[in-house]
Amino acid sequence: MTTVATIKKNRETVRRVRRAILFVVSLLFVAVAWELYKAVGPEAGGKIFGWKLLPRSNNNAMPHVWDMLMRYNRPELRGSDRKIWSVVLAGAWFSFRLALVGFAIGSTLGLGLSILMARFKIAERGILPYLVVSQTVPLIALAPLVVSWGGKLHIAGWTWPRWMSAAVLGAFLAFFPVAVGALKGLTSAPLASHELMDSYAASWWQTLRKLRFPAAIPFIVPSLKLAASASVIGVVVAEISTGLKGGIGRLIIEYAREATGDPAKVFTAVFGAAALGLAMSGLVTLADIYMMRNRPKEASA
Amino acid sequence: MSAIEITNISQAFNLGMSNQVDALTDINLSIASGEFVSLIGPSGCGKSTLLRLIANLLVPTSGAIVVNGKSAKQARLDQDYGMAFQQSGLFEWRTVAKNIELPLELKGWDKTRRQARATEMLELVKLSDFANHFPWQLSGGMQQRVAIARALAVHPSLLLMDEPFGALDEMTREHMQSELLSICRASGTTVVFVTHSIPEAVYLSNRVVVMSPRPGRVAEIVDVSIEGERNDATRDNAVFFQRITAVREALRGVEMSDHVRGIEDR
Ligand SMILES: Nc1ncnc2c1ncn2[C@@H]1O[C@H](COP(=O)(O)OP(=O)(O)OP(=O)(O)O)[C@@H](O)[C@H]1O
Ligand SMILES: [Mg+2]
């Protein structure tokens, strides 16, 4: 038994290492493809079958990969001694914390709603359609509203910090997958298991804690992954549309304005945003490994 | 005192609708304390329904069920019975020991008491080495034993089983039958046991209730009464074969009135 378990565990490790290697290889592949296109693509862009499809391959539109990487080690502004990697890192860290707050609020809210919907059929019928509609509201339109609502909030000396609006918008995107995924999970336990709990005269809350919730974990975990990347998108878009300073979103628009003179600069921030998203989903993957550690491996694969 | 008293039970699903199913009509059955009773009959004759009525997972359309001298509902609230089904129904996120502790947790037992009882039950079903394994790491037969240990964990006076050995191979099945008998003999547990197998019913039971379908009724009750303790030798006993024939005849009678399917003759 134990040897079988060890072999399985080893196999799991091998799979993870292989996945990590694959990820690095695919990054290299993208870099190579980028440079290849720069080598053969038309300098001024081009048309395929009359459609303007091919982007310009000149150094202004598509800087060399090494130029982008080298840019990290040069100062952010001429004459400043602050290297751009530290600025990007600080921005990504700022946004990461906002995304984390948004993710936490969103997941909690989503989970709460799903429990409410699982408890009361009426709640499901009354709430679910609104949840779906809520996700069709464009974030850009919502951002200024949240900022102005938040600005009017004064509760016992506490005022709404500006960054809170960005976190709330992250939460706004994050709660939806969790609510839907958890609802599906909470209702996934077979009838026989519910009858078993009934035969023990278990209360609704006991059934939630000991049956519904554990049964929902395999559904909640992937929805948390979606929520993690959604919260990053929400925060970055909110930073851009509310003009919040300090985060990676703000850096992206600032650097984009300098694209003509310093084309590699904006890419440093874009990669920073990508790394931020990776960090978030990495965090959830750790949670995934922890929560699913004792589940049948076939089911989680 | 009788453990279960069933009087004039009828059960209809979708009552008053065009798809109404009369699952059971006019069932009367009295089961004595410590008795082992099997329910056998063609598929759809209402065996599971009757079991679920006793368990108070269903409320009968009419009639009364008294379990341990109280209403079926009170018996359920008091956890007077344990249940086991064809599918073991173990929770995959709990270890074997934790699965057995589940009914004890719901009774509010403290940790030490729970663990002591789980250890005791694991010894009973001979799975002590697997306490910290997860159900998906066990074979089907082992999972079924865990489910039975879970059903017995509260030391219920009554055990309700719906084809618990249906998914097992013949060898494991006979082994489990013997174990179940010795467990029940030792604890004086009353058992209501649903099966499709005539030999299984005869081997295990004091009485075999033969049911007929559409609507489900008690067609005949075969008194098994084999002398002495039951063991593997019983299976070669002449009386054993006589009783098997008796149950088969009773089922044939049922067959006359309706097409019999799903009865195994092994
Ligand atoms: N929830 C339900 N709703 C409607 N009809 C039901 C329901 N449960 C059972 N029935 C019907 O009641 C009848 C008896 O079902 P039951 O499951 O008790 O049969 P059974 O004797 O256990 O059959 P099997 O041997 O196949 O397990 C069947 O005709 C079935 O279709
Ligand atoms: Mg059945």
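This is a short dialogue on reading a predicted model of two chains, A and B.

Colleague: Let us begin with chain A. How many helices and strands does chain A have?

Modeller: The secondary structure of chain A comes to 11 helices and 4 strands. Its C-alpha atoms fill a box of roughly 75 × 60 × 45 Å along the principal axes.

Colleague: What share of chain A counts as buried?

Modeller: Chain A has 301 residues, and 39% of them count as buried. The chain exposes about 17,200 Å². Carbon and sulfur atoms supply 70% of that area.

Colleague: And the contacts within chain A? What part of them join residues at least 24 apart?

Modeller: Take contacts between residues at least 6 apart in sequence. Of these, 70% join residues at least 24 apart.

Colleague: Now the surface. Which residues make the nonpolar patch of about 480 Å²?

Modeller: A:F23, A:V24, A:L27, A:L28 and A:L278 make it. Helix α1 of chain A, residues 2–40, gives the most, with 4 residues. A:L278 is found in helix α10 of chain A, residues 263–291. A:L278 is partly exposed, at a relative accessible area of 46%.

Colleague: Turn to where the chains meet. How many residues of each chain are in contact?

Modeller: On the chain B side there are 23 residues, in contact with 18 residues of chain A. The area buried between the two chains is about 2,100 Å². Carbon and sulfur atoms give 66% of it. In chain B, the residues that lose the most area to chain A are B:W93, B:L106 and B:W136. Together they make up 32% of what that side buries.

Colleague: How many salt bridges are there between chain B and chain A?

Modeller: The count is 3. A:R295 and B:E92 meet in a salt bridge, at 3.5 Å from N to O. Over all chains, the count comes to 17 salt bridges.

Colleague: Take a pair within chain A. What does the salt bridge of A:D288 and A:K225 tie together?

Modeller: Start with the distance: the two side chains meet at 3.1 Å, N to O. A:D288 lies in helix α10 and A:K225 in helix α8, residues 204–242, so the pair ties together parts that are 63 residues apart in sequence. Burial differs across the pair. A:D288 is buried, at a relative accessible area of 16%. A:K225 counts as partly exposed, at 31%.

Colleague: Chain B next. Where do B:R94 and B:E105 lie?

Modeller: First, they form a salt bridge, with the closest N and O atoms 2.9 Å apart. B:R94 lies in the loop between β6 (81–84) and α3 (96–106) of chain B, and B:E105 lies in helix α3, so this pair ties together parts 11 residues apart in sequence. Both residues are buried. There is also a link to chain A: A:K210, B:R94 and B:E105 are linked in a network of salt bridges.

Colleague: What does B:T95 touch?

Modeller: B:T95 is found in that loop between β6 and α3 of chain B. B:T95 counts as buried, at 14% relative accessibility. Leaving out residues up to four places away in sequence, B:T95 touches B:A131, B:N132, B:H133 and B:F134.

Colleague: How should I read a salt bridge inside one helix?

Modeller: Begin with the general idea. An α-helix has 3.6 residues a turn, so residues three or four places apart point the same way. Now the case here. B:R252 and B:E249 both lie in helix α8 of chain B, residues 238–257. They are 3 residues apart, about one turn of the helix. Their side chains meet in a salt bridge at 3.7 Å, N to O. B:R252 counts as partly exposed, at 41% relative accessibility. B:E249 counts as partly exposed too, at 48%.

Colleague: Why is helix α1 of chain B, residues 47–54, described as largely enclosed?

Modeller: Because 6 of its 8 residues are buried, the helix is largely enclosed by the rest of the structure. The buried ones are B:K47, B:T49, B:L50, B:L51, B:L53 and B:I54. Just after this helix, B:N56 takes a positive phi of about 60°.

Colleague: Last, cysteines. How many disulfides are there over all chains?

Modeller: A disulfide is a covalent bond between the sulfur atoms of two cysteines. Here the count comes to 0 over all chains. As for burial, B:C45 counts as buried, at 0% relative accessibility. B:C184 also counts as buried, at 6%.

Methods: Residues are numbered from 1 along each chain as its sequence is written. Chains are lettered from A and ligands numbered from 1 in the order in which they are written. This is a predicted model: local features need pLDDT of at least 70, side-chain atom pairs count only at pLDDT 80 or more; totals for chains, interfaces and linings use all residues. Side-chain values use heavy atoms; hydrogens and water are left out. Buried means under 20% relative accessible area, exposed over 50%, partly exposed in between (1.4 Å probe, protein chains only). Helices (H or I, at least four residues) and strands (E, at least two) are DSSP runs, numbered from the N terminus. Patches are made of residues with over 30% relative accessible area and no salt bridge: like charges are joined within 9 Å, nonpolar side chains (Val, Leu, Ile, Met, Phe, Trp, Tyr) within 5 Å. Accessible areas come from the Shrake-Rupley method with a 1.4 Å probe; for residues, only the protein chains shown count as cover. A salt bridge is a side-chain nitrogen of Lys or Arg within 4 Å of a carboxyl oxygen of Asp or Glu. A disulfide is a pair of cysteine sulfur atoms within 2.5 Å. Contact means heavy atoms within 4.5 Å. Buried area is the accessible area (1.4 Å probe) that two parts lose on being put together, summed over both.
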